[in-house]
Amino acid sequence: MDKKKRTRFIVICSCILAVLLVGIFLTGDPAKEEEPINIVMKDAVLHETAKVSFPIVGSVNPAVVSAYTVTAIILVFSLTVRLFVIPKFTDTPGKFQLLLEQAVGIFDDLAKSNSPQRNKFLGVYVFTAGAYIFIGTLFELLGVMVPTTNGGSIALPAPLADINGAISMGVFSYLVILSGGVAGNRFKGVLHTLKDFSLPISMSFRLFGALLSGALVTELVYYYITTSFIIPVFVAVMFTMLHALIQAYVLTMLTALFYGEVCMKEGPIEDGKIP
Amino acid sequence: MPLNIDIQQILLHLFNLVLLLSILYLLLYKPVHDFMDKRAEEYKERDKRTKDALSDAEKLKAEYEEKVSAAEAENARTRASISAAAESDREKIISDAHEKASKIIDEARDKAVAEHDRLIARAQTEIAEYVSKAAEKIVMDSGTLEDDFDSFFESVGKGDIAKKGQNNG
């Protein structure tokens, strides 16, 4: 492309962008103008008004739909991998096989290092939780629009940006830790687990707070048209991609740590081996 | 409930999580984990086989070295015994040769002495014969003592006696 053609290309692109910008500013969303920022933020936290319909149970928070959509995506992906990729695994792994082995290996090692005595179920759980938090948080970036029960539309949020989703994750993790305590130490294990009764609350609200902060900042950025350009790229990276990694790591690490603690058998150390 | 906490939705999320756990365990985690375990087991087995083979090879090497050192020792022993036998043979041959040589020398000496004695005896006989013949001639010619002597010396000077000696000898 010579200099003249390049200049013409840049000028045409600039004109199109300018026309689009004018159009964007002139055609504002009348619904958004009616909805003040405090309502938008409150709804992002509580989902009191923007509900979506769900089969059998009726109207639910959009995060429930997000959760099942994420599960469906993971199911399709897993099924495809199970049917077409895993049978072709070789001793010398390719890039994709290496990725899968790394994903399984990282969580398996996390379980083994934190709970050397009992780690099979813990490995599966932290793998699931890690995948769910990571993929669920990144799912928010897709911005899948669904109709709400009040006639509007809403972009599906991350499943754990909803208080009910975060509580279920925290409670499930706590139940897994409790099961480890029961399996490893019977009644003593239960007592050990109950001693940390604040764990499900801290786990739930840590997740909720972290993911909600990202959702709120994103809402705020998109609420004002002037901040809707370029800035969302950095916001998405900071609050979605980093949170996806950090929260997946934090929750799985905490669960593995507490699981290992409650299921560890007490007794004297013989020949350097823990009983 | 405060914060829009809804037990039904929590249960829905929990149901979803259990479903996801089952799916991921059955379709992804277990097959990949089993494959990795199987491969690790296979590598462990290969490692064990390699170590066993190495240990066998080292054992064979030790046996071989032992055999080599035994063969070398045997070789050295054989060489020493052969060398000792050769030395003894050499000494025997030399002593035999010395013995033979001294025998030959003795025989030669004896022969030489006998020859010497024979020649002396013969010379003595011849001298005696010449002396006898000369005396006889002198007596036969019976001249003066001076003539006799002259004729004797004359005959000697002419070489008659020597010729006679040579013919006799």
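Let's start with one residue: Thr240(A) is buried, with a relative accessible area of 3%. The model it sits in is a predicted one, so keep that in mind as we look around.

Where is Thr240(A) found? It lies in helix H9 of chain A, which covers residues 231–263. Leaving aside residues up to four places away in sequence, Thr240(A) touches Thr137(A), Leu138(A), Glu140(A), Leu141(A) and Val235(A).

**Two helix pairs in chain A**

Thr240(A) also takes part in a helix-to-helix contact, between H9(A) and H6(A). Another pair in chain A is H3(A) with H8(A). Here are the basics for both pairs.

| Helix pair | Axes come within | Crossing angle |
|---|---|---|
| H6(A) (residues 120–139) and H9(A) | 8 Å | roughly 160° |
| H3(A) (residues 37–46) and H8(A) (residues 199–223) | 10 Å | roughly 150° |

Take H6(A) and H9(A) to begin with. Angles over 145 degrees count as roughly antiparallel, and with their crossing at roughly 160°, H6(A) and H9(A) are therefore roughly antiparallel to each other. The crossing is right-handed. On the H6(A) side the contact includes Phe121(A), Tyr125(A), Gly130(A), Thr137(A) and Leu138(A), while H9(A) brings residues including Thr240(A), His243(A), Gln247(A), Leu251(A) and Tyr259(A). Sorted by type, the residues of this contact come to 15 nonpolar, seven polar and no charged.

Now for H3(A) and H8(A). These helices are likewise roughly antiparallel to each other, and they cross in a right-handed way. H3(A) supplies Ile37(A), Val40(A), Met41(A), Ala44(A) and Val45(A). From H8(A) come Phe208(A), Leu212(A), Leu216(A), Glu219(A), Leu220(A) and Tyr223(A). How do the residues of this contact divide into nonpolar, polar and charged? There are ten nonpolar, no polar and one charged.

**How confident is the prediction?**

Chain A averages a pLDDT of 83, and 93% of its residues score at least 70. Which element of chain A has the highest mean pLDDT, and which the lowest? Helix H4(A) (residues 62–85) comes out highest at 93, and helix H2(A) (residues 30–34) lowest at 55. Over residues 271–275 of chain A, pLDDT stays under 50; for that stretch the model has eight contacts beyond four places in sequence. Where pLDDT is low, the predicted coordinates should not be read in detail.

**A quick look at chain B**

Chain B has three helices and zero strands, so to speak an α-α-α pattern when read along the sequence. Of the 169 residues in chain B, 17% are buried.

Conventions
Residues are numbered from 1 along each chain as its sequence is written. Chains are lettered from A and ligands numbered from 1 in the order in which they are written. This is a predicted model: local features need pLDDT of at least 70, side-chain atom pairs count only at pLDDT 80 or more; totals for chains, interfaces and linings use all residues. Side-chain values use heavy atoms; hydrogens and water are left out. Axes are lines fitted to C-alpha atoms, for helices over the stretch in contact, and angles run from 0 to 180 degrees between N-to-C directions. Helices (H or I, at least four residues) and strands (E, at least two) are DSSP runs, numbered from the N terminus. Angles under 35 degrees count as roughly parallel, over 145 as roughly antiparallel, 65 to 115 as roughly perpendicular and the rest as oblique. A crossing is left-handed if the near helix is turned anticlockwise from the far one by less than a right angle, and right-handed if clockwise. Contact means heavy atoms within 4.5 Å. Ala, Val, Leu, Ile, Met, Phe, Trp, Tyr, Cys and Pro count as nonpolar, Asp, Glu, Lys and Arg as charged, and the others, Gly among them, as polar. pLDDT is the predictor's confidence in each residue, from 0 to 100. Buried means under 20% relative accessible area, exposed over 50%, partly exposed in between (1.4 Å probe, protein chains only).
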